[in-house]
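Trainee: Please take one part of this model and walk me through it closely, then connect it to the rest. I would like to follow the reasoning from the backbone to the rings and on to the empty spaces.

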Amino acid sequence: MFALIRIALRNVTRNRRRSLITLSAVFLALTVMVGVRGLLNGLQATIREGVVYGQTGAVQVHRKGFLKAMQGAPLDLDLPADEAFLGKIRAVPHVTAVAARIPFGGMVNHGDQTVFSLFTALDPVAESKVCPQRYERVKVGRPLDPADPTGGDFTTPLLSRLGVKVGDGVAILTNDRDGVLNAVDMKVIGSFPEPGLFAADKKVGFIPLPLAQELLRMPGRATEVAIAVDPLDRIDEVVAALRPVVGPEYEVSSWHDVAGYVDEIVKNQNLVLNLISNIFLFMALLGILNTMLMSVRERTREIGTMMAVGVRRRQILALFLLEASLLGLVGGALGLAAGYGIIHHYAGEGIVMRAVGSTTDIVIHPFITAPFVARTFVVSIVGAAVAALLPSFFASRLRPVEALGSVA
Amino acid sequence: MNLVELRGITKDYRLGRTTVTALRGVDLVIQKGEFTVVMGPSGSGKSTLLNIIGCLDQPTAGSYLLDGVPVGERDFDKLAEVRNRKIGFIFQLFNLIPVLDVIENIEFPCLMRKGEREPASSLRRRVEELAGDVGLTPFLKHKPDELSGGQRQRVAIARALITRPELVLADEPTANLDSATSEQIIELMLKLNQEKGVTFVFSTHDPRVMHHARRVVHIADGKIAPQADGEARSPGAVTRAV
């Protein structure tokens with residue numbers, strides 16, 4: 001085998017220009033694969049963090065049936081927002097914070113302007129521990145503040161529509177859980193450009209939970225409990241542990257269930273990435289196939305000589321597969337190194353991007369995982385060997401007497 | 001003792017719809033230690049005969065015993081093993097492996113051997129000895145493209161002998177060499193035949209090399225010419241017509 005490896009190594013360097021072209025194709029493919037994967041990893045991590053730490057929390061508890069009826073923000077599917085209930089949840093291992101909420105629809109009025117909006121009533125202190133990014137989005141003024149029980153944060157598009165600025169007063173009108181109209185006065189203490197990633201409605205407001213309980217006539221109640229989990233990969237464990245704690249009348253959902261669209265987006269992104277990566281890889285492997293076909297053709301008499309001195313078919317097959325694998329190995333290693341280098345360069349500072357239609361920048365910190373690097377490396381080597389399978393098979397099936405008679 | 005025993009060997013090739021018969025019922029016995037020249041014009045069937053003797057090709061009909069063992073009906077790998085252990089080849093175009101140096105080319109057949117292999121140090125010692133025997137000691141680290149035609153053929157001879165074969169087949173080994181080098185190569189093969197007792201079968205259509213042969217087998221139109229078979233060129237040479 002060592003003799004075959006030695007010959008394979010030398011054959012790879014025999015036609016330097018051709019080997020270099022083939023190596024370049026593998027190199028480019030691997031660089032693109034790693035670079036794009038790293039960028040997408042960073043983007044997907046930003047999206048996940050934006051959703052978990054800025055919108056949903058890691059886990060949510062609702063009254064059974066709430067998620068199905070969520071579009072209507074049902075107030076009758078409520079749950080206790082007291083320490084007895086929330087404390088039970090907080091006691092579950094890996095739960096680090098618990099925040100009660102009430103999402104509801106209503107109108108916001110200022111002067112002669114009234115706009116239909118979506119509101120989320122939040123516990124100002126607890127929410128900052130479950131979804132700290134929600135507060136970081138406030139660009140003008142300040143986030144919800146327990147010292148300001150009538151102060152709310154609203155999106156810039158909503159405030160513009162109302163002709164309101166931070167410091168002005170507005171009135172919130174909505175039906176309580178019995179369908180009776182009610183209203184509260186409040187003050188705009190902060191504004192944020194967008195409610196969160198992928199939010200369809202841009203006219204959104206956050207108001208303090210006690211004020212909303214008064215407005216909705218739901219003292220001590222909420223409709224949603226958002227839970228922070230650390231570490232995040234223990235979510236399934238926490239969900240399983242919470243179910244018996246809260247009882248059968250409640251549903252416990254991970255953020256994947258609540259914001260299933262994120263998984264869908266990630267899945268689609270991965271699909272596109274895999275398609276692009278596979279096209280690049282396919283082109284590189286075609287290069288290897290071509291190189292090996294040419295090599296077999298040029299070395300037919302040499303193959304015949306090897307067969308004459310007693311080299312067996314599987315050794316001929318192994319020789320050509322080894323040569324292709326070497327091209328995959330070297331090209332792959334260089335491509336991975338270059339891809340990793342690019343990712344490493346941008347990992348610290350990050351890449352600032354803005355989604356189409358968005359008004360806020362997101363910073364992507366690209367990263368790559370060791371299993372992906374290992375898998376891609378193996379794919380480049382095995383893929384090269386697979387690409388060379390046909391030419392190698394041709395070589396091994398040559399008849400010695402015909403191969404020796406070749407003038408190539 | 002018979003080393004090669006061919007009986008009724010026929011070889012047909014199909015070229016499109018035409019069948020070309022290269023050998024027509026060849027009977028030939030070559031004994032151990034012989035130095036035999038197969039003579040004949042181009043297209044006479046001498047290369048086909050050598051290919052069949054060398055287990056590179058199989059006859060359409062007839063039987064072939066190599067060292068008393070039937071060769072037919074073996075699969076590719078079994079024939080490869082026979083070639084590796086019992087037969088050495090010397091080709092007209094030298095057929096060295098271009099990426100290997102002299103030492104590596106010579107030892108190559110031993111490294112490809114199936115099963116138990118000779119220790120590397122012992123093999124290397126034999127390679128250097130053999131390279132010395134064929135006059136290649138100063139060129140051990142040279143690649144084939146750094147050698148002259150005669151030197152390349154010496155490498156091929158050493159490669160053919162490294163496996164200690166029973167039989168060495170040389171298919172027009174001097175055709176690509178000038179006459180002085182041709183003489184040297186033939187002298188070398190004769191010397192190895194005498195000193196090491198290796199059986200040589202040598203094909204050529206060059207009448208100048210005939211005077212070196214102990215036995216000449218004339219072949220024409222795929223048949224061994226009756227007047228030449230058994231022609232002894234020197235006293236004591238063992239030849240036999242069958």
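Mentor: Let's begin with Asp221(B), which counts as exposed because its relative accessibility is 61% and the cut-off for that class is over 50%. Keep in mind that we are looking at a predicted model. Asp221(B) sits in the loop that joins strand E9 (215–220) to strand E10 (223–224) of chain B. Its backbone deserves a look, since most residues other than glycine have a negative phi. Asp221(B), although not a glycine, has a positive phi, near 50°.

Chain A offers a case to set beside it. Arg217(A) has a phi near 55°, again a positive value outside glycine. Its place is the loop between helix H7 (209–215) and strand E10 of chain A. With 39% relative accessibility, Arg217(A) is classed as partly exposed, because that class runs between 20% and 50%.

If you carry on along chain A, you come to Thr223(A), in the loop from strand E10 (221–222) to strand E11 (224–229). Thr223(A) is buried, because its relative accessibility is 0%. Its C-alpha atom is 7.6 Å from that of Ala100(A), a residue 123 positions away along the chain. Then comes another backbone feature: the peptide bond from Asp230(A) to Pro231(A) is cis, with omega near 0°. Pro231(A) belongs to the loop between E11 and helix H8 (235–246) of chain A. As a reminder, most peptide bonds are trans.

What do these loops of chain A belong to? The chain has 15 helices and 14 strands, and 52% of its 408 residues are buried. Its C-alpha trace spans about 100 × 45 × 30 Å along the principal axes. The radius of gyration is 31 Å, whereas a compact globule of 408 residues would be near 22 Å.

Now to the rings. How many aromatic pairs does the structure hold over all chains? There are six. A pair of this kind is described by the distance of the centres and the angle of the planes. For Phe85(A) and Tyr250(A), the centres are 5.0 Å apart and the planes meet at 45°, so this pair is tilted. Phe85(A) is in helix H3 (residues 83–90) and Tyr250(A) in strand E12 (residues 250–254) of chain A, so their contact ties together parts 165 residues apart in sequence. Phe85(A) is buried at 5% relative accessibility, and Tyr250(A) is buried at 9%.

Chain B has a tilted pair of its own, Phe35(B) with Phe200(B), at 5.5 Å centre to centre and 40° between the planes. Phe35(B) comes from strand E3 (residues 35–39) and Phe200(B) from strand E8 (residues 199–204) of chain B, so this pair likewise links parts that are 165 residues apart in sequence. Phe35(B) is buried, with a relative accessible area of 2%, and Phe200(B) is buried at 0%. The pairing goes further here, as ring pairs join Phe35(B), Phe200(B) and Phe202(B) into a cluster.

Rings can meet charges too. Arg134(A) lies over the face of Phe206(A), 4.7 Å from the ring centre. Another such contact joins the two chains: the charged end of Arg313(A) sits over the ring of Phe76(B), 3.6 Å from its centre.

Finally, the empty space. Rolling a probe the size of a water molecule over the atoms shows where such space is left. Here the count is three cavities of 30 Å³ or more, and the largest has about 60 Å³ of space. Which chains line the largest cavity? Ala308(A) and Val309(A) come from chain A, while the residues from chain B include Arg83(B), Ile87(B), Phe89(B) and Thr163(B). Helix H2 (76–86), strand E6 (87–90) and helix H5 (149–161) of chain B each supply at least two residues of this lining. E6(B) gives the most, with three. By type, the lining divides into six nonpolar, three polar and two charged residues, and among its members are Arg83(B) and Arg159(B).

Definitions and conventions: Residues numbered from 1 in each chain as written. Chains lettered and ligands numbered in written order. Predicted model: local features only at pLDDT ≥ 70, side-chain atom pairs only at ≥ 80, totals over all residues. Heavy atoms only, no water. 1 Å grid on protein atoms, 1.4 Å probe; cavity = no way out; pocket = protein on both sides within 12 Å on 5 of 7 lines; lining within 4 Å. Points joined across faces, edges and corners; volume = space filled by probe spheres on them. Helix = DSSP H or I, 4+ residues; strand = E, 2+ residues; numbered from the N terminus. Nonpolar A, V, L, I, M, F, W, Y, C, P; charged D, E, K, R; others polar. Phe/Tyr/Trp six-rings, centres within 6.5 Å; stacked < 30°, edge-to-face > 60°. Buried < 20%, exposed > 50% of the residue type's maximum accessible area, 1.4 Å probe, protein only. Lys NZ or Arg CZ within 6 Å of the ring centre and 35° of its normal. Rg over C-alpha atoms; globule rule 2.2 N^0.38 Å.
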